[in-house]
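Welcome to a short set of exercises with worked solutions. Please keep the viewer open and try each task before you read on.

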Amino acid sequence: MLASLLVNTQKQSRIVLGAALLAFMTPQAALAADCPNPNALGTSRTLVVDPREHPRIGTMQYRETLPLADHEVVLTFDDGPLPKYSNQVLAILASQCVKATFFTIGSQANANPEGVRKLIAAGHTVGTHSQHHPLTMDRMPLERARQEIDDGIASTLAALNGDKSKLAPFFRIPGLMRAEIVENYLASQGIQTWSADFPADDWRHISSQRVYELAIQRIEAKRKGILLLHDIQPRTVAALPRILATLKERGYRIVHVVPATADRPATPTEPQQWYLHPPTETVAITRWPRIPNFVFTETRTLPAPVIADMDWRDADLLDHAQRARLPALRPTAWPQPRLAQLAAAPTLALPGADVFRVPEALGLTLLAARSPRLAQRAAGTAMPRSPAIPARQAKPPKQAAHQGPATAAPHGKRRGPAQHVEQPEPATSKPLRLASMKKRVPRAVASANAKRVPD
Ligand SMILES: [Zn+2]
(Lines give C-alpha, C1' and ligand atoms only; values in the text may rest on other atoms or scores of the structure.)
Protein backbone atom coordinates (compact mmCIF):
# COMPACT_ATOMS: atom_id res chain seq x y z
CA MET A 1 0.00 0.00 0.00
CA LEU A 2 2.72 2.41 1.04
CA ALA A 3 4.89 1.34 -1.86
CA SER A 4 2.10 1.91 -4.39
CA LEU A 5 1.45 5.37 -2.85
CA LEU A 6 5.11 6.26 -3.24
CA VAL A 7 5.12 5.08 -6.84
CA ASN A 8 2.02 7.15 -7.57
CA THR A 9 3.59 10.22 -5.95
CA GLN A 10 6.74 9.77 -7.97
CA LYS A 11 4.70 9.40 -11.15
CA GLN A 12 2.72 12.55 -10.36
CA SER A 13 5.82 14.57 -9.59
CA ARG A 14 7.39 13.42 -12.84
CA ILE A 15 4.30 14.50 -14.76
CA VAL A 16 4.26 17.92 -13.08
CA LEU A 17 7.99 18.40 -13.69
CA GLY A 18 7.63 17.32 -17.29
CA ALA A 19 4.72 19.71 -17.86
CA ALA A 20 6.65 22.57 -16.29
CA LEU A 21 9.69 21.83 -18.41
CA LEU A 22 7.54 21.62 -21.53
CA ALA A 23 5.87 24.93 -20.73
CA PHE A 24 9.27 26.53 -20.14
CA MET A 25 10.95 25.00 -23.15
CA THR A 26 8.13 25.29 -25.69
CA PRO A 27 9.27 28.50 -27.44
CA GLN A 28 12.92 27.44 -27.35
CA ALA A 29 12.06 23.92 -28.39
CA ALA A 30 9.96 25.14 -31.29
CA LEU A 31 12.69 27.53 -32.38
CA ALA A 32 15.37 24.91 -31.86
CA ALA A 33 13.40 22.51 -34.02
CA ASP A 34 13.46 25.07 -36.80
CA CYS A 35 17.12 25.82 -36.32
CA PRO A 36 19.58 23.41 -37.89
CA ASN A 37 22.36 24.61 -35.56
CA PRO A 38 21.95 22.98 -32.13
CA ASN A 39 24.40 25.40 -30.57
CA ALA A 40 22.71 28.46 -31.99
CA LEU A 41 21.92 31.49 -29.92
CA GLY A 42 18.34 31.34 -31.17
CA THR A 43 15.43 33.69 -30.56
CA SER A 44 14.00 33.23 -27.11
CA ARG A 45 10.63 34.89 -27.60
CA THR A 46 8.51 37.19 -29.73
CA LEU A 47 7.36 40.47 -28.23
CA VAL A 48 4.23 42.05 -29.70
CA VAL A 49 4.05 45.82 -29.19
CA ASP A 50 1.34 48.38 -29.88
CA PRO A 51 2.92 51.57 -31.33
CA ARG A 52 -0.08 53.65 -30.22
CA GLU A 53 0.44 52.77 -26.58
CA HIS A 54 4.19 53.43 -26.60
CA PRO A 55 5.01 55.80 -29.47
CA ARG A 56 8.68 56.47 -28.57
CA ILE A 57 11.17 53.91 -27.34
CA GLY A 58 14.90 53.66 -26.71
CA THR A 59 16.63 55.13 -23.67
CA MET A 60 19.30 56.84 -25.75
CA GLN A 61 16.65 59.51 -26.30
CA TYR A 62 13.40 58.58 -24.63
CA ARG A 63 12.06 57.70 -21.25
CA GLU A 64 10.64 54.36 -22.33
CA THR A 65 12.17 51.37 -24.02
CA LEU A 66 10.99 47.90 -24.93
CA PRO A 67 9.68 45.85 -21.98
CA LEU A 68 12.59 43.44 -21.87
CA ALA A 69 13.69 41.21 -19.06
CA ASP A 70 17.22 41.16 -17.73
CA HIS A 71 19.69 39.78 -20.31
CA GLU A 72 17.25 40.24 -23.19
CA VAL A 73 18.51 42.00 -26.31
CA VAL A 74 16.78 43.19 -29.48
CA LEU A 75 18.97 43.45 -32.61
CA THR A 76 18.31 46.21 -35.13
CA PHE A 77 20.02 46.98 -38.47
CA ASP A 78 19.75 50.30 -40.34
CA ASP A 79 20.40 51.74 -43.79
CA GLY A 80 19.90 48.65 -45.99
CA PRO A 81 19.25 46.78 -47.97
CA LEU A 82 22.68 46.71 -49.60
CA PRO A 83 23.08 43.19 -51.07
CA LYS A 84 26.86 42.95 -50.60
CA TYR A 85 26.67 43.22 -46.80
CA SER A 86 22.97 42.78 -46.02
CA ASN A 87 23.06 39.24 -47.47
CA GLN A 88 26.02 38.36 -45.23
CA VAL A 89 24.22 39.73 -42.20
CA LEU A 90 21.18 37.65 -43.14
CA ALA A 91 23.35 34.55 -43.41
CA ILE A 92 24.96 35.12 -39.99
CA LEU A 93 21.58 35.71 -38.34
CA ALA A 94 20.19 32.62 -40.02
CA SER A 95 23.10 30.52 -38.80
CA GLN A 96 22.24 31.54 -35.24
CA CYS A 97 18.46 31.41 -35.81
CA VAL A 98 18.23 34.99 -34.65
CA LYS A 99 15.39 37.33 -35.67
CA ALA A 100 16.05 41.05 -35.90
CA THR A 101 14.41 44.30 -37.01
CA PHE A 102 15.62 46.11 -40.13
CA PHE A 103 15.05 49.82 -40.85
CA THR A 104 15.31 50.22 -44.61
CA ILE A 105 16.01 53.37 -46.61
CA GLY A 106 13.53 54.06 -49.41
CA SER A 107 16.18 54.71 -52.03
CA GLN A 108 17.96 51.46 -51.10
CA ALA A 109 14.66 49.59 -51.36
CA ASN A 110 14.07 51.10 -54.81
CA ALA A 111 17.54 50.00 -55.90
CA ASN A 112 17.33 46.54 -54.28
CA PRO A 113 13.67 45.51 -53.87
CA GLU A 114 14.74 41.89 -53.76
CA GLY A 115 16.77 42.69 -50.65
CA VAL A 116 13.61 43.85 -48.85
CA ARG A 117 11.77 40.70 -49.80
CA LYS A 118 14.67 38.58 -48.48
CA LEU A 119 14.33 40.23 -45.10
CA ILE A 120 10.66 39.36 -44.93
CA ALA A 121 11.23 35.85 -46.26
CA ALA A 122 13.80 35.24 -43.50
CA GLY A 123 11.17 36.12 -40.90
CA HIS A 124 12.65 39.46 -39.78
CA THR A 125 10.67 42.59 -38.98
CA VAL A 126 10.98 45.46 -41.47
CA GLY A 127 10.48 49.09 -40.50
CA THR A 128 11.59 52.20 -42.39
CA HIS A 129 14.31 54.82 -42.11
CA SER A 130 13.22 57.67 -44.49
CA GLN A 131 13.64 57.95 -48.25
CA HIS A 132 17.07 59.60 -48.59
CA HIS A 133 18.50 59.38 -45.06
CA PRO A 134 18.77 63.14 -44.40
CA LEU A 135 20.69 64.04 -41.25
CA THR A 136 18.70 67.25 -40.79
CA MET A 137 15.34 65.99 -39.60
CA ASP A 138 15.79 67.89 -36.35
CA ARG A 139 15.59 71.22 -38.18
CA MET A 140 13.83 70.62 -41.48
CA PRO A 141 10.26 71.88 -42.07
CA LEU A 142 7.58 69.38 -41.15
CA GLU A 143 6.40 69.12 -44.76
CA ARG A 144 9.82 67.94 -45.88
CA ALA A 145 10.09 65.54 -42.96
CA ARG A 146 6.68 64.14 -43.79
CA GLN A 147 7.75 63.68 -47.39
CA GLU A 148 10.86 61.79 -46.30
CA ILE A 149 8.88 59.51 -44.01
CA ASP A 150 6.03 58.87 -46.44
CA ASP A 151 8.29 58.29 -49.44
CA GLY A 152 10.47 55.86 -47.47
CA ILE A 153 7.39 53.84 -46.52
CA ALA A 154 6.05 53.94 -50.09
CA SER A 155 9.34 52.72 -51.59
CA THR A 156 9.67 49.83 -49.12
CA LEU A 157 6.01 48.92 -49.61
CA ALA A 158 6.55 48.93 -53.38
CA ALA A 159 9.31 46.35 -52.90
CA LEU A 160 6.78 44.25 -50.96
CA ASN A 161 4.19 44.59 -53.72
CA GLY A 162 2.14 46.94 -51.58
CA ASP A 163 1.48 44.36 -48.86
CA LYS A 164 1.05 46.54 -45.76
CA SER A 165 0.83 43.53 -43.48
CA LYS A 166 4.50 42.83 -44.16
CA LEU A 167 5.68 46.29 -43.15
CA ALA A 168 5.87 47.20 -39.46
CA PRO A 169 4.81 50.71 -38.40
CA PHE A 170 8.29 51.23 -36.93
CA PHE A 171 10.47 54.19 -37.88
CA ARG A 172 13.97 55.23 -36.92
CA ILE A 173 14.94 58.87 -37.55
CA PRO A 174 18.19 59.06 -39.62
CA GLY A 175 21.17 59.79 -37.40
CA LEU A 176 18.72 59.84 -34.46
CA MET A 177 18.26 63.55 -35.24
CA ARG A 178 14.99 63.70 -33.43
CA ALA A 179 12.48 66.52 -33.42
CA GLU A 180 9.21 66.69 -31.58
CA ILE A 181 7.18 67.68 -34.62
CA VAL A 182 8.54 64.64 -36.46
CA GLU A 183 7.78 62.35 -33.54
CA ASN A 184 4.30 63.82 -33.22
CA TYR A 185 3.64 63.25 -36.89
CA LEU A 186 4.82 59.64 -36.65
CA ALA A 187 2.64 59.07 -33.57
CA SER A 188 -0.36 60.57 -35.39
CA GLN A 189 0.17 57.95 -38.11
CA GLY A 190 0.32 55.12 -35.58
CA ILE A 191 4.05 54.71 -36.23
CA GLN A 192 6.43 53.93 -33.38
CA THR A 193 9.65 55.96 -33.23
CA TRP A 194 12.59 53.73 -32.41
CA SER A 195 15.72 55.12 -30.89
CA ALA A 196 18.06 52.59 -29.25
CA ASP A 197 19.55 51.68 -25.90
CA PHE A 198 23.12 51.21 -27.10
CA PRO A 199 24.94 51.72 -30.40
CA ALA A 200 28.21 50.03 -31.37
CA ASP A 201 29.53 53.01 -33.39
CA ASP A 202 29.82 50.76 -36.47
CA TRP A 203 29.28 53.76 -38.80
CA ARG A 204 32.53 55.28 -37.60
CA HIS A 205 35.91 54.41 -39.08
CA ILE A 206 36.82 51.93 -36.39
CA SER A 207 37.91 48.30 -36.49
CA SER A 208 35.48 45.41 -36.30
CA GLN A 209 37.20 44.45 -33.06
CA ARG A 210 36.25 47.85 -31.63
CA VAL A 211 32.65 47.42 -32.85
CA TYR A 212 32.53 44.10 -31.05
CA GLU A 213 34.00 45.56 -27.86
CA LEU A 214 31.65 48.54 -27.81
CA ALA A 215 28.60 46.37 -28.46
CA ILE A 216 29.42 43.96 -25.64
CA GLN A 217 30.56 46.64 -23.17
CA ARG A 218 27.43 48.70 -23.65
CA ILE A 219 25.09 45.73 -23.49
CA GLU A 220 26.78 44.60 -20.29
CA ALA A 221 26.44 48.09 -18.82
CA LYS A 222 22.65 48.13 -19.22
CA ARG A 223 22.13 44.34 -19.23
CA LYS A 224 19.19 44.60 -21.63
CA GLY A 225 17.90 46.73 -24.49
CA ILE A 226 17.96 47.57 -28.18
CA LEU A 227 21.31 47.26 -30.01
CA LEU A 228 21.77 49.59 -32.99
CA LEU A 229 23.84 48.19 -35.89
CA HIS A 230 24.10 48.78 -39.66
CA ASP A 231 23.79 46.02 -42.27
CA ILE A 232 25.71 48.04 -44.89
CA GLN A 233 29.07 48.08 -43.07
CA PRO A 234 31.80 45.44 -43.59
CA ARG A 235 33.03 45.94 -40.00
CA THR A 236 29.54 45.04 -38.76
CA VAL A 237 29.56 41.86 -40.84
CA ALA A 238 32.97 41.00 -39.38
CA ALA A 239 31.95 41.76 -35.77
CA LEU A 240 28.50 40.18 -35.77
CA PRO A 241 29.45 36.47 -35.36
CA ARG A 242 31.57 37.29 -32.30
CA ILE A 243 28.88 39.55 -30.82
CA LEU A 244 26.31 36.74 -31.08
CA ALA A 245 28.73 34.14 -29.74
CA THR A 246 29.59 36.28 -26.71
CA LEU A 247 25.93 37.03 -26.02
CA LYS A 248 25.24 33.30 -25.94
CA GLU A 249 28.25 32.68 -23.74
CA ARG A 250 27.11 35.24 -21.22
CA GLY A 251 23.54 34.05 -21.07
CA TYR A 252 21.85 36.74 -23.14
CA ARG A 253 18.69 35.99 -25.08
CA ILE A 254 17.45 37.51 -28.32
CA VAL A 255 13.89 38.87 -28.51
CA HIS A 256 12.07 39.36 -31.78
CA VAL A 257 9.68 42.33 -31.89
CA VAL A 258 6.58 42.49 -34.08
CA PRO A 259 3.73 45.02 -34.22
CA ALA A 260 0.31 44.28 -32.80
CA THR A 261 -2.46 43.67 -35.32
CA ALA A 262 -6.18 42.93 -35.14
CA ASP A 263 -5.55 39.21 -34.76
CA ARG A 264 -2.27 39.53 -32.83
CA PRO A 265 -2.73 41.46 -29.60
CA ALA A 266 0.14 43.19 -27.84
CA THR A 267 2.06 41.20 -25.25
CA PRO A 268 0.58 42.09 -21.85
CA THR A 269 2.97 44.30 -19.91
CA GLU A 270 3.01 46.52 -16.84
CA PRO A 271 3.85 50.24 -17.31
CA GLN A 272 7.05 49.99 -15.26
CA GLN A 273 8.38 47.30 -17.60
CA TRP A 274 8.81 49.99 -20.24
CA TYR A 275 11.49 51.65 -18.17
CA LEU A 276 15.01 50.30 -18.41
CA HIS A 277 15.55 50.36 -14.66
CA PRO A 278 12.26 51.08 -12.89
CA PRO A 279 12.65 52.29 -9.30
CA THR A 280 12.26 49.58 -6.69
CA GLU A 281 11.49 49.71 -2.98
CA THR A 282 15.12 49.05 -2.18
CA VAL A 283 16.21 52.29 -3.87
CA ALA A 284 15.99 55.41 -1.71
CA ILE A 285 13.84 58.19 -3.12
CA THR A 286 13.91 61.90 -2.33
CA ARG A 287 10.22 62.29 -1.64
CA TRP A 288 9.42 63.77 1.75
CA PRO A 289 6.64 62.20 3.74
CA ARG A 290 3.57 64.30 4.36
CA ILE A 291 3.12 65.32 7.99
CA PRO A 292 -0.03 63.76 9.35
CA ASN A 293 -2.76 66.16 10.42
CA PHE A 294 -3.48 64.55 13.77
CA VAL A 295 -0.31 66.09 15.24
CA PHE A 296 -1.91 69.51 14.99
CA THR A 297 -5.51 68.71 15.74
CA GLU A 298 -4.46 67.51 19.18
CA THR A 299 -2.47 70.65 19.97
CA ARG A 300 -4.22 73.36 22.03
CA THR A 301 -4.38 76.68 20.21
CA LEU A 302 -2.68 79.60 21.96
CA PRO A 303 -4.67 82.84 22.49
CA ALA A 304 -4.07 85.62 19.98
CA PRO A 305 -1.70 88.27 21.36
CA VAL A 306 -2.98 91.76 22.27
CA ILE A 307 -1.57 94.66 20.28
CA ALA A 308 -0.30 96.34 23.45
CA ASP A 309 1.79 93.23 24.21
CA MET A 310 3.83 93.77 21.08
CA ASP A 311 4.74 97.42 21.83
CA TRP A 312 6.65 97.69 25.11
CA ARG A 313 7.74 101.32 24.70
CA ASP A 314 4.73 103.58 24.28
CA ALA A 315 1.74 101.34 24.08
CA ASP A 316 -0.04 103.53 26.61
CA LEU A 317 0.67 106.78 24.81
CA LEU A 318 -0.58 105.93 21.39
CA ASP A 319 -2.50 103.04 20.07
CA HIS A 320 -0.64 101.10 17.34
CA ALA A 321 -3.50 101.38 14.93
CA GLN A 322 -3.68 105.11 15.61
CA ARG A 323 0.03 105.55 14.87
CA ALA A 324 -0.25 103.65 11.64
CA ARG A 325 -2.66 106.30 10.37
CA LEU A 326 -0.19 109.15 10.95
CA PRO A 327 1.59 110.63 7.91
CA ALA A 328 5.10 109.37 7.36
CA LEU A 329 6.72 112.83 7.53
CA ARG A 330 5.53 115.23 10.19
CA PRO A 331 6.48 118.94 10.08
CA THR A 332 9.56 119.69 12.20
CA ALA A 333 9.15 121.66 15.40
CA TRP A 334 12.12 123.97 14.63
CA PRO A 335 11.31 127.48 13.26
CA GLN A 336 12.47 127.99 9.73
CA PRO A 337 13.48 131.68 9.07
CA ARG A 338 12.65 132.98 5.68
CA LEU A 339 15.14 134.65 3.32
CA ALA A 340 13.39 138.04 3.59
CA GLN A 341 13.85 138.00 7.36
CA LEU A 342 17.57 137.27 6.97
CA ALA A 343 17.99 140.26 4.58
CA ALA A 344 16.26 142.60 7.03
CA ALA A 345 18.55 141.62 9.93
CA PRO A 346 21.14 144.37 10.93
CA THR A 347 24.68 143.79 9.67
CA LEU A 348 27.42 143.56 12.27
CA ALA A 349 30.53 145.80 12.07
CA LEU A 350 33.79 144.37 10.69
CA PRO A 351 36.11 143.05 13.45
CA GLY A 352 39.29 145.05 14.19
CA ALA A 353 42.80 143.67 13.35
CA ASP A 354 43.75 143.40 17.04
CA VAL A 355 41.06 140.81 17.50
CA PHE A 356 43.29 138.35 15.67
CA ARG A 357 46.50 139.14 17.65
CA VAL A 358 47.71 136.28 19.81
CA PRO A 359 48.97 137.40 23.25
CA GLU A 360 52.32 135.98 24.45
CA ALA A 361 50.80 134.10 27.30
CA LEU A 362 48.50 132.33 24.93
CA GLY A 363 51.50 131.43 22.80
CA LEU A 364 53.17 129.94 25.86
CA THR A 365 50.06 128.01 26.68
CA LEU A 366 50.00 126.58 23.21
CA LEU A 367 53.68 125.54 23.48
CA ALA A 368 53.06 124.13 26.92
CA ALA A 369 50.64 121.71 25.46
CA ARG A 370 53.70 120.08 23.80
CA SER A 371 56.11 120.22 26.78
CA PRO A 372 55.32 119.37 30.43
CA ARG A 373 58.20 121.60 31.70
CA LEU A 374 56.81 124.58 29.86
CA ALA A 375 53.41 123.80 31.22
CA GLN A 376 54.76 124.48 34.74
CA ARG A 377 56.27 127.78 33.63
CA ALA A 378 53.11 128.77 31.81
CA ALA A 379 51.12 128.09 34.96
CA GLY A 380 53.42 130.43 36.99
CA THR A 381 53.93 133.30 34.56
CA ALA A 382 50.72 133.29 32.71
CA MET A 383 50.26 136.96 33.24
CA PRO A 384 48.81 138.66 30.22
CA ARG A 385 51.06 141.31 28.77
CA SER A 386 49.86 144.47 27.12
CA PRO A 387 47.76 143.63 24.15
CA ALA A 388 49.39 146.62 22.37
CA ILE A 389 52.70 144.69 21.89
CA PRO A 390 52.53 142.57 18.77
CA ALA A 391 53.25 138.87 19.21
CA ARG A 392 56.08 139.11 16.60
CA GLN A 393 58.09 141.66 18.69
CA ALA A 394 57.77 139.80 21.97
CA LYS A 395 61.04 137.84 22.76
CA PRO A 396 60.39 134.25 23.46
CA PRO A 397 61.96 132.87 26.67
CA LYS A 398 65.46 131.32 26.12
CA GLN A 399 64.83 127.98 27.76
CA ALA A 400 61.61 127.52 25.96
CA ALA A 401 63.33 128.25 22.65
CA HIS A 402 66.08 125.69 23.38
CA GLN A 403 63.84 122.88 24.46
CA GLY A 404 61.15 123.03 21.82
CA PRO A 405 61.48 120.81 18.85
CA ALA A 406 61.46 123.93 16.62
CA THR A 407 65.01 124.81 17.92
CA ALA A 408 66.63 122.29 15.61
CA ALA A 409 68.19 124.39 12.86
CA PRO A 410 67.23 123.70 9.30
CA HIS A 411 70.74 122.44 8.55
CA GLY A 412 70.91 120.04 11.45
CA LYS A 413 72.97 122.22 13.86
CA ARG A 414 72.15 121.95 17.49
CA ARG A 415 72.33 124.83 19.94
CA GLY A 416 72.48 125.00 23.72
CA PRO A 417 74.20 122.98 26.46
CA ALA A 418 72.13 119.91 25.89
CA GLN A 419 74.39 119.20 22.92
CA HIS A 420 77.41 118.42 25.12
CA VAL A 421 75.57 116.56 27.80
CA GLU A 422 73.67 114.35 25.50
CA GLN A 423 76.78 112.85 23.81
CA PRO A 424 78.26 110.43 26.32
CA GLU A 425 78.78 107.50 23.98
CA PRO A 426 81.98 108.59 22.16
CA ALA A 427 83.62 109.49 25.52
CA THR A 428 82.91 106.13 27.09
CA SER A 429 83.83 104.00 24.12
CA LYS A 430 87.47 105.14 24.11
CA PRO A 431 88.29 104.32 27.76
CA LEU A 432 86.74 100.93 27.29
CA ARG A 433 89.01 100.26 24.39
CA LEU A 434 92.06 101.43 26.33
CA ALA A 435 91.19 99.21 29.25
CA SER A 436 91.00 96.21 27.08
CA MET A 437 94.39 97.13 25.58
CA LYS A 438 95.92 97.48 29.05
CA LYS A 439 94.75 94.00 29.98
CA ARG A 440 96.42 92.54 26.92
CA VAL A 441 99.48 90.44 27.89
CA PRO A 442 102.55 90.33 25.62
CA ARG A 443 102.81 87.12 23.65
CA ALA A 444 106.23 86.13 25.00
CA VAL A 445 105.12 86.46 28.63
CA ALA A 446 101.95 84.56 27.91
CA SER A 447 103.82 81.68 26.39
CA ALA A 448 106.22 81.62 29.35
CA ASN A 449 103.29 81.52 31.76
CA ALA A 450 101.70 78.72 29.78
CA LYS A 451 104.89 76.62 29.92
CA ARG A 452 105.28 77.04 33.62
CA VAL A 453 104.75 73.74 35.35
CA PRO A 454 102.88 73.89 38.62
CA ASP A 455 104.90 72.89 41.65
ZN1 LIG B 1 20.78 55.39 -40.68
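**Exercise 1.** In which loop does Pro 81 lie?

*Solution.* Keep in mind that this is a predicted model. Pro 81 is found in the loop that runs between E3 and helix H2 (83-95). Now look at the bond leading into Pro 81: the peptide bond from Gly 80 to Pro 81 is cis, and its omega is near 0°.

**Exercise 2.** Find the strands that pair with E9 (residues 225-230), and trace how the chain arrives there from E8.

*Solution.* Start with strand E3 (residues 72-78), which pairs with E9 in the parallel sense over six bridges. Within E9, Leu 228 stands opposite Thr 76. Next take strand E8 (residues 198-199), also parallel to E9 and joined to E9 over two bridges. Here Phe 198 has Leu 227 of E9 as its bridge partner. To get from E8 to E9, the chain passes through helix H7 (residues 208-222), and this β-α-β crossover is right-handed. Finally, check the surroundings of E9: six of its six residues are buried, so the strand is mostly covered.

**Exercise 3.** Work out how helices H4 (residues 113-121) and H5 (residues 142-159) are oriented to each other, and describe their contact.

*Solution.* The two axes come within 8 Å and cross at roughly 75°. Angles of 65 to 115 degrees count as roughly perpendicular, so H4 is roughly perpendicular to H5. On the H4 side, the contact is made by Pro 113, Val 116 and Arg 117. H5 contributes Thr 156, Ala 158 and Ala 159. Sorted by character, the residues of this contact divide into four nonpolar, one polar and one charged.

**Exercise 4.** His 71 and Asn 161 have positive phi values. Locate each residue and decide whether it is buried, partly exposed or exposed.

*Solution.* His 71, which is not a glycine, has phi near 70°. His 71 sits in the loop between strand E2 (56-57) and E3. With 15 other C-beta atoms within 10 Å, His 71 is partly exposed. Asn 161 has a phi of about 60°, and it is not a glycine either. Its place is the loop between H5 and strand E6 (170-171). Asn 161 has 9 other C-beta atoms within 10 Å; the limit for exposed is 12 or fewer, so Asn 161 is exposed.

**Exercise 5.** How many helices and strands are in the chain?

*Solution.* The chain has 18 helices and 10 strands. Of its 455 residues, 25% count as buried.

Conventions:
Residues are numbered from 1 along each chain as its sequence is written. This is a predicted model: local features need pLDDT of at least 70, side-chain atom pairs count only at pLDDT 80 or more; totals for chains, interfaces and linings use all residues. Axes are lines fitted to C-alpha atoms, for helices over the stretch in contact, and angles run from 0 to 180 degrees between N-to-C directions. Helices (H or I, at least four residues) and strands (E, at least two) are DSSP runs, numbered from the N terminus. Angles under 35 degrees count as roughly parallel, over 145 as roughly antiparallel, 65 to 115 as roughly perpendicular and the rest as oblique. Two residues are in contact if their C-beta atoms, placed from the backbone, lie within 7 Å. Ala, Val, Leu, Ile, Met, Phe, Trp, Tyr, Cys and Pro count as nonpolar, Asp, Glu, Lys and Arg as charged, and the others, Gly among them, as polar. A residue is buried if 20 or more other C-beta atoms lie within 10 Å of its own, exposed if 12 or fewer, and partly exposed in between; C-beta atoms are placed from the backbone. Two strands pair if DSSP finds at least two bridges between them. A crossover is right-handed if, with the strands pointing away from the viewer, the path from the first strand over the helix to the second runs clockwise.
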